[in-house]
Amino acid sequence: MSTTLVETTYREAMREAMREAMQRDERVFLMGEDVGAYGGCFAVSLGLLEEFGPERIRDTPLSESAFVGAGIGAAIAGMRPIVEIMTVNFSLLALDQIINNAATLSHMSGGQVSVPVVIRMTTGAGRQLAAQHSHSLEGWYGHIPGIKLLAPATVEDARGMLWPALQDPDPVLIFEHGTLYPMPGSLAPDAAPVDISRAAVRRPGKDVTLLTYGGSLPKVMAAAEELATTGIEPEVVDLRVLRPLDDETIVGSVRRTHRAVIVDEGWRTGSLAAEITTRLVEQCFFDLDGPVQRVCSAEVPMPYAKHLEEAALPQVATIVAAARQVVSG
Amino acid sequence: MTPDQARSLVSKQIRFIVPDADLDGLPPDADLRRTLELDSLDFLEFVERLSKDAGVRIDEDDYPSLATMESCQAFLAARTAASD
Amino acid sequence: MSDFTMPSLGADMDSGTIVEWLVKPGDHVQRGAPMAVVDTDKAAVEIETFQSGVVGDLLVEPGQRVDVGTPLATMLAAGEAPSAAPVSVGKAKRPRARRVPPPREAAAPVPPAVPREAEVAAAAPPAPSPPLRHHAAELGVDLASVTGTGTHGRITRRDVDAAAHRPRVSPYARRLAEELGVDLAAVTGTGTSGTVRAEDVRAAAHARPEVPPVSTEAPRSDRATIAALMSRSKREIPHYYVATTVDMHTVVSWLRDTNRDRSVAERIVPAAALLRAVALAARRMPQLNGFWVDGVFVPGEDVHVGVAISVRRGALVAPALRHAADLELPVLMQALRDLVGRARSGRLTRAELADPTLTVTDLGDQGVEEVFGVIQPPQVALVGIGRLVERPWAVDGLLGVRPLVRLSLSGDHRATDGYTGARFLATIDDLLQHPEAL
């Protein structure tokens with residue numbers, strides 16, 4: 001077993017994860033728009049067609065409803081498909097498949113049918129892709145029973161979450177924030193799969209808990225650094241699993257720090273942040289030393305102009321301000 | 001009632017009567033009345049509040065069982081179990 | 001008409017501070033009407049006028065400390081004109097039910113438009129007591145805006161607290177305050193808009209400030225006051241001492257039996273029985289119930305038993321359980337609990353502080369078996385009660401074990417002698433052997 005770490009990126013880690021999955025399990029195959037010949041819209045599956053051939057790396061027609069449905073069917077029939085929807089924005093066209101078929105068939109069939117499909121989607125804003133291509137709909141999907149949601153925010157999680165997701169007999173959605181693909185990191189060549197049920201404390205602290213997921217994690221870590229220079233020690237919790245939420249880690253952290261800031265790139269109304277806030281009120285109200293703060297996207301369709309998009313999204317400065325507000329406030 | 005719950009309950013009543021009592025430093029077998037300087041009226045108030053808060057009847061014959069924090073915990077555990 | 005002067009509220013009081021005037025120039029007052037709230041070093045107390053008439057000029061501002069005997073206000077007979085325009089009364093808050101007509105210019109006084117009694121009776125709730133108004137003033141609560149939830153719409157202390165501008169308190173801070181026994185009303189919040197946070201509660205718990213005294217010297221002057229009183233007592237009063245051991249078996253068993261049928265709130269402690277016995281004995285032997293004044297004994301108008309109560313922070317007060325000889329034992333027990341409670345929170349009345357005709361000091365709970373106390377001048381007697389102990393005792397010619405208590409009397413030898421003192425103790429003993437008659 002080699003212990004020298006390999007320099008890699010989030011993108012490459014995800015590719016490696018798919019490669020490993022297809023090598024280990026012949027039922028695994030990848031399907032989606034431009035995943036084959038093009039190598040994937042975000043180059044995640046670059047080179048895989050050459051390696052595994054067209055039966056296992058399948059380019060699909062431009063119809064999310066059709067190919068997601070086909071993937072669900074393949075999963076019911078015993079395969080382990082990885083369905084790549086180019087971005088979460090386009091998943092709206094396959095909502096009926098995901099919510100009314102993938103999420104429900106196991107229940108509606110009394111367990112006779114299971115749908116072990118993994119759906120990977122690129123998500124989020126920050127690359128000036130404007131209103132229709134910048135959604136963060138993790139909060140929406142988090143509302144639906146019958147599916148699991150993962151949000152890998154580190155290179156390690158990008159590498160390690162896929163295999164256990166494929167082993168799961170129920171549908172798993174994996175959200176990959178578009179700005180994370182080039183993120184550098186080091187991994188062992190044979191990195192092990194990771195747990196997909198718990199949140200992770202990325203930075204231990206005591207004065208305030210900063211809860212976040214996905215593409216916001218790097219900003220939150222940077223904000224934590226800045227806060228630490230002013231004498232505030234934040235604890236950063238990476239949610240990792242958005243459904244089911246790891247109440248134990250989340251509430252446990254806020255019980256210790258007594259203050260919470262939730263950073264969620266979705267719009268604040270009816271968001272994942274709103275759900276977590278309510279859980280904190282339900283489970284540790286008497287440990288809260290101040291109101292829970294939410295740092296979310298502004299309630300507007302995502303702007304195209306760079307400075308407007310920046311203003312609409314959570315940023316290090318607004319995260320720091322929210323943390324200060326709840327600590328001193 | 002668990003010992004911790006009992007301790008918490010007893011501490012609460014004591015605090016009403018002796019607001020600045022140092023209960024963390026109180027040995028479990030220390031005589032409450034003597035250590036906390038409770039006179040007979042203080043003790044009566046303590047019994048009254050404890051009885052009301054714990055929802056158990058406390059008779060004068062039970063007073064010896066309330067001598068220390070330890071004995072209070074045992075008494076409350078037994079008395080609340082009996083009424084379940 | 002003579003001036004209304006600062007009264008002496010206790011043998012040890014030389015001066016007091018007006019906290020609040022309860023009347024304004026031109027007010028008609030009857031004998032016994034409360035005129036002002038005065039802070040002695042021990043409690044905030046109402047002072048009354050002993051003459052009926054009309055309030056003239058207020059001569060002393062709230063906050064001023066003046067000696068006993070200093071004129072506080074001039075009093076006019078009905079029909080006399082005040083000499084000057086009304087003096088400002090400072091920041092006294094007026095509850096709705098108060099009888100005062102609006103202030104009038106210097107002119108011939110006019111009788112109040114409506115008789116006081118009728119005003120009060122006309123659907124107005126009872127006026128809040130001066131200590132309560134003092135409390136409301138401290139919290140900045142305008143009593144006129146408070147709805148009373150007590151009997152007949154009386155404004156209670158809880159109503160005042162609820163109406164007070166209470167800062168917001170975070171849930172965690174509130175929980176912490178309860179756990180640490182911190183009074184949130186005393187905590188300064190450092191969050192936005194004065195929100196109380198956990199660290200504020202912790203700071204308050206660590207600091208544990210003294211209850212802020214009205215006079216900055218109050219804690220010291222408690223000690224100084226006591227010192228002066230004790231010295232005077234020993235200097236002036238020739239003390240004699242007698243003591244006896246009382247078999248408490250009958251009382252204790254009788255109490256145990258009656259208490260079985262009583263709720264905890266109604267239980268009677270031996271101390272109450274002892275006080276009752278002392279009161280009844282004092283009625284039977286009035287030469288021990290009164291005052292030595294200017295070389296003669298002046299009997300008390302009734303038996304008001306002073307109960308020595310230690311209030312936390314090392315101070316001692318001995319307010320009167322008034323008319324103790326007329327209170328049936330269960331009633332006396334409740335009165336005792338109420339008195340001790342109010343003594344500890346500084347809410348005694350003038351009458352309670354000034355009226356004891358003899359004093360009882362019960363140190364049984366402190367573990368001593370015998371007490372020989374110092375008489376509180378101008379009283380002539382002090383009864384000491386020690387700890388209830390189980391000891392061997394001769395019972396019907398055989399050796400038994402009985403609960404015993406050591407009773408002592410410190411007597412003023414100018415007023416009584418050892419023979420009288422001994423009979424007094426024997427009377428108490430006798431009464432205790434028939435607890436059902438207490």
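Two strands are said to pair if DSSP finds at least two bridges between them. The exercises below apply to a predicted model.

**Exercise 1.** Determine in which sense E1(C) and strand E8 of chain C pair, and place both strands in their sheet.

*Solution.* Step 1: E1(C) and strand E8 (residues 71-76) are joined by two bridges, so the cut-off of at least two is met. Step 2: their pairing is antiparallel. Step 3: within E8(C), Pro71(C) is the residue opposite Thr5(C). Step 4: the open sheet of chain C contains four strands, ordered E1-E8-E6-E3. Step 5: strand E1 (4-5) and strand E3 (28-29) of chain C are the edge strands, each pairing on one side only.

**Exercise 2.** Establish whether strand E5 of chain A is mostly covered or not, and identify its partners.

*Solution.* Step 1: in strand E5 (residues 118-123) of chain A, six of the six residues are buried. Step 2: one side carries Val118(A), Arg120(A) and Thr122(A), the other Ile119(A), Met121(A) and Thr123(A), and both faces are covered. Step 3: strand E4 (residues 80-87) of chain A pairs with E5(A) in the parallel sense over five bridges, with Ile82(A) opposite Val118(A). Step 4: strand E7 (residues 172-177) of chain A also pairs with E5(A) in the parallel sense, over six bridges; here Val172(A) is the bridge partner of Val118(A).

**Exercise 3.** Describe the side of chain C that touches chain B.

*Solution.* Step 1: chain C and chain B contribute 13 residues each to the contact. Step 2: helix H7 (249-260) and helix H9 (329-344) of chain C each supply at least two residues of that side. Step 3: H7(C) gives the most, namely three residues. Step 4: the side of chain C consists of five nonpolar, two polar and six charged residues.

Technical notes: Residues are numbered from 1 along each chain as its sequence is written. Chains are lettered from A and ligands numbered from 1 in the order in which they are written. This is a predicted model: local features need pLDDT of at least 70, side-chain atom pairs count only at pLDDT 80 or more; totals for chains, interfaces and linings use all residues. Two residues are in contact if their C-beta atoms, placed from the backbone, lie within 7 Å. Ala, Val, Leu, Ile, Met, Phe, Trp, Tyr, Cys and Pro count as nonpolar, Asp, Glu, Lys and Arg as charged, and the others, Gly among them, as polar. A residue is buried if 20 or more other C-beta atoms lie within 10 Å of its own, exposed if 12 or fewer, and partly exposed in between; C-beta atoms are placed from the backbone.
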